[in-house]
Amino acid sequence: GDSDSNFKSSDFGVAFGGGLGLKLGGGMLSFDARYTLGLSTIMKPQTDNNGDEVEMDIKNRSLALTLGFSFFL
C-alpha cells in the first residue's frame, strides 16, 4: 500500500522560540531558534499480525535554527 495512507492529514501543535539581533557594521546580524511540538498522534491505527488494531503514539517535533544578516539602506 501507499505509505502516505498510514498518516493522518492534519496535526495540532505548539511552537516556542526566540531570537536575538546584534548591530554589526552597516547591518544587523540575527539569530533565531524555534521548537515545534506536535500535540496529536499523526499515525493512523495499524493492524498487527493477529488482526488487532494497534495505535502508535508518534508525534511531530522540529527544531529550526536561523542565521541572517540585514542591510540598512
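Phe71 is exposed, at 65% relative accessibility. This holds in a predicted model. Phe69 has a lower value, 37%, and counts as partly exposed. The cut-offs place the two residues in separate classes, because exposed requires over 50% relative accessible area and buried under 20%, with partly exposed in between. The two phenylalanines also meet through their side chains. Their ring centres lie 5.0 Å apart. Their planes stand at 80°, so the pair is edge-to-face. That label follows because planes over 60 degrees apart count as edge-to-face. A search of the whole structure finds one aromatic pair.

The chain itself is built from strands. It holds five strands and zero helices. Read from the N terminus, the order of elements is β-β-β-β-β. The radius of gyration is 20 Å. For 73 residues the globule rule gives 11 Å, and the value for the chain is well over that, so the chain is more spread out than a compact globule. The C-alpha trace spans about 65 × 20 × 15 Å along its principal axes.

Burial and surface were computed for the whole chain. Of its 73 residues, 8% count as buried. The accessible surface comes to about 5900 Å². Carbon and sulfur atoms account for 56% of that surface. The chain carries 6 positive and 9 negative charges. The mean positions of these two sets are 15 Å apart. Contacts across the sequence were also counted. Among contacts with a separation of 6 or more, 55% join residues 24 or more positions apart.

Individual positions show where such contacts fall. Strand E2 covers residues 27-38 and includes Ser30. Ser30 is partly exposed, at 28% relative accessible area. Leaving aside residues up to four places away in sequence, Ser30 touches Leu20, Gly21, Thr66, Leu67 and Gly68. Thr66 is thus a contact of Ser30, although the two are 36 residues apart in sequence. Their C-alpha atoms are 7.9 Å apart.

Thr36 also lies in strand E2. Its relative accessibility is 31%, so Thr36 counts as partly exposed. Beyond residues up to four places away in sequence, Thr36 touches Val14, Ala15, Asn60, Arg61 and Ser62. Phe72 is 36 residues from Thr36 in sequence. In space, C-alpha to C-alpha, Thr36 and Phe72 are 31 Å apart. The Ser30 and Thr66 pair has the same sequence separation, 36 residues, but a C-alpha distance of 7.9 Å.

Gly17 sits in strand E1. With residues up to four places away in sequence left out, Gly17 touches Ala33 and Arg34. Ser5 is twelve residues from Gly17 along the chain. The C-alpha atoms of Gly17 and Ser5 are separated by 32 Å.

Strand E1 spans residues 13-24, and Gly25 is found in the loop between E1 and E2. Gly25 is exposed, with a relative accessible area of 80%. Gly25 and Phe71 are 46 residues apart in sequence. Their C-alpha atoms are 9.2 Å apart in space. Phe71, at 65% relative accessibility, is exposed as well, and its ring forms the edge-to-face pair with Phe69.

Notes: Residues are numbered from 1 along each chain as its sequence is written. This is a predicted model: local features need pLDDT of at least 70, side-chain atom pairs count only at pLDDT 80 or more; totals for chains, interfaces and linings use all residues. Side-chain values use heavy atoms; hydrogens and water are left out. Rings of Phe, Tyr and Trp (its six-membered ring) pair if their centres lie within 6.5 Å; planes under 30 degrees apart count as stacked, over 60 as edge-to-face and the rest as tilted. Buried means under 20% relative accessible area, exposed over 50%, partly exposed in between (1.4 Å probe, protein chains only). Helices (H or I, at least four residues) and strands (E, at least two) are DSSP runs, numbered from the N terminus. The radius of gyration is taken over C-alpha atoms; the globule rule is 2.2 Å times the number of residues to the power 0.38. Contact means heavy atoms within 4.5 Å. Accessible areas come from the Shrake-Rupley method with a 1.4 Å probe; for residues, only the protein chains shown count as cover. Lys and Arg count as positive and Asp and Glu as negative; His and the chain ends are not counted. The place of a charge is taken as NZ of Lys, CZ of Arg, CG of Asp or CD of Glu.
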